[in-house]
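Work through the exercises below with the sequence and the model side by side, trying each task before reading its solution.

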Amino acid sequence: DRLGSIAHLLHQAATQVWSDADRATADSPLHDLGLGVYLAHSQASTLLPEDYELPDVDAERLEERTPLQLLTDAEELTRPLPLHQPDLIHGSQLVVDLCDLIREARGLGY
């Protein structure tokens, strides 16, 4: 469920960043951030079992959070994951990518 929650948070963050990017200029760094968050969402999703069904979440509650808050929440959820297990071996890259995305989001004023 922790990975499912991470996937939900990243999906919402990507949606919000892309929405902001759509209103920005074509050369806005928001496009890069949106792509990065979308790729992190894909990484988290590939770590889920094939038959896993994402639980329902309160989308309204997530919409109230900024992309930076969503990314930070997702990173915090990765901390207790047993990344040494074979099925989560690629989880380490997800953690590194989340930290990079958090730094980038802060730099963009989120």
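**Exercise 1: a loop residue**

T66 is partly exposed, because its relative accessible area is 29% and partly exposed covers what lies between buried, under 20%, and exposed, over 50%, with a 1.4 Å probe and protein chains only. The model is a predicted one, in which local features need pLDDT of at least 70 and side-chain atom pairs count only at pLDDT 80 or more, while totals for chains, interfaces and linings use all residues. Residues are numbered from 1 along each chain as its sequence is written, and side-chain values use heavy atoms, with hydrogens and water left out.

Task: say where T66 is placed and which residues T66 is in contact with, leaving aside its neighbours within four places in sequence.

Solution. Begin with the chain: T66 sits in the loop between α3 (59-63) and α4, where helices are DSSP runs of H or I with at least four residues, and strands runs of E with at least two, numbered from the N terminus. Next, look for contacts, meaning heavy atoms within 4.5 Å; once neighbours within four places in sequence are left aside, T66 is in contact with Q16 and Y110. Finally, compare sequence with space: T66 and A105 are 39 residues apart in sequence, and their C-alpha atoms are 9.9 Å apart.

**Exercise 2: the nonpolar core**

Task: find how many residues the largest nonpolar core has and which element gives the largest share of this core.

Solution. A nonpolar core is a set of buried Ala, Val, Leu, Ile, Met, Phe, Trp, Tyr and Cys residues joined through side-chain atoms within 4.5 Å. The largest one here has 27 residues, and those with the most contacts inside it are L3, I6, L10, V37, L71 and L94. Two or more residues are given to this core by each of α1 (2-23), α2 (30-47), α4 (67-78) and α5 (91-107), and the largest share, eight residues, comes from α1. To follow one of the core residues outward, take L3, which is in contact with L47, L48, L81 and L88 when neighbours within four places in sequence are left aside.

**Exercise 3: α1 against α2**

Task: describe how α1 and α2 cross, and decide whether H41 is buried or exposed.

Solution. Two packed helices are described by the angle between their axes and the distance between the axes. Axes are lines fitted to C-alpha atoms, for helices over the stretch in contact, and the angles run from 0 to 180 degrees between N-to-C directions. The axes of α1 and α2 come within 8 Å and cross at roughly 160°. That makes α1 roughly antiparallel to α2, since angles over 145 degrees count as roughly antiparallel, under 35 as roughly parallel, 65 to 115 as roughly perpendicular and the rest as oblique. Among the residues that make the contact are L3, I6 and L10 of α1 and V37, H41 and L47 of α2. H41, found in helix α2, is buried, with a relative accessible area of 17%, and touches A7, L10 and H11, not counting residues up to four places away in sequence.

**Exercise 4: α5 and its partners**

Task: give the angle and axis distance at which α5 packs with α2 and with α4, and state which residues E75 is in contact with, leaving aside its neighbours within four places in sequence.

Solution. Take α2 first: α2 and α5 pack at an angle of about 155°, with their axes 10 Å apart, and are therefore roughly antiparallel to each other. The α2 side of the contact includes V37 and L47, and the α5 side includes L94 and L101. Turn then to α4, which packs with α5 at an angle of about 155°, with the axes 9 Å apart; that makes α4 roughly antiparallel to α5. Here the contact includes L71 and E75 of α4 together with L98, C99 and I102 of α5.

For the last step, E75 lies in helix α4 and is buried, with a relative accessible area of 10%. Leaving aside neighbours within four places in sequence, E75 is in contact with L98, C99 and I102. C99, found in helix α5, is partly exposed, with a relative accessible area of 35%.
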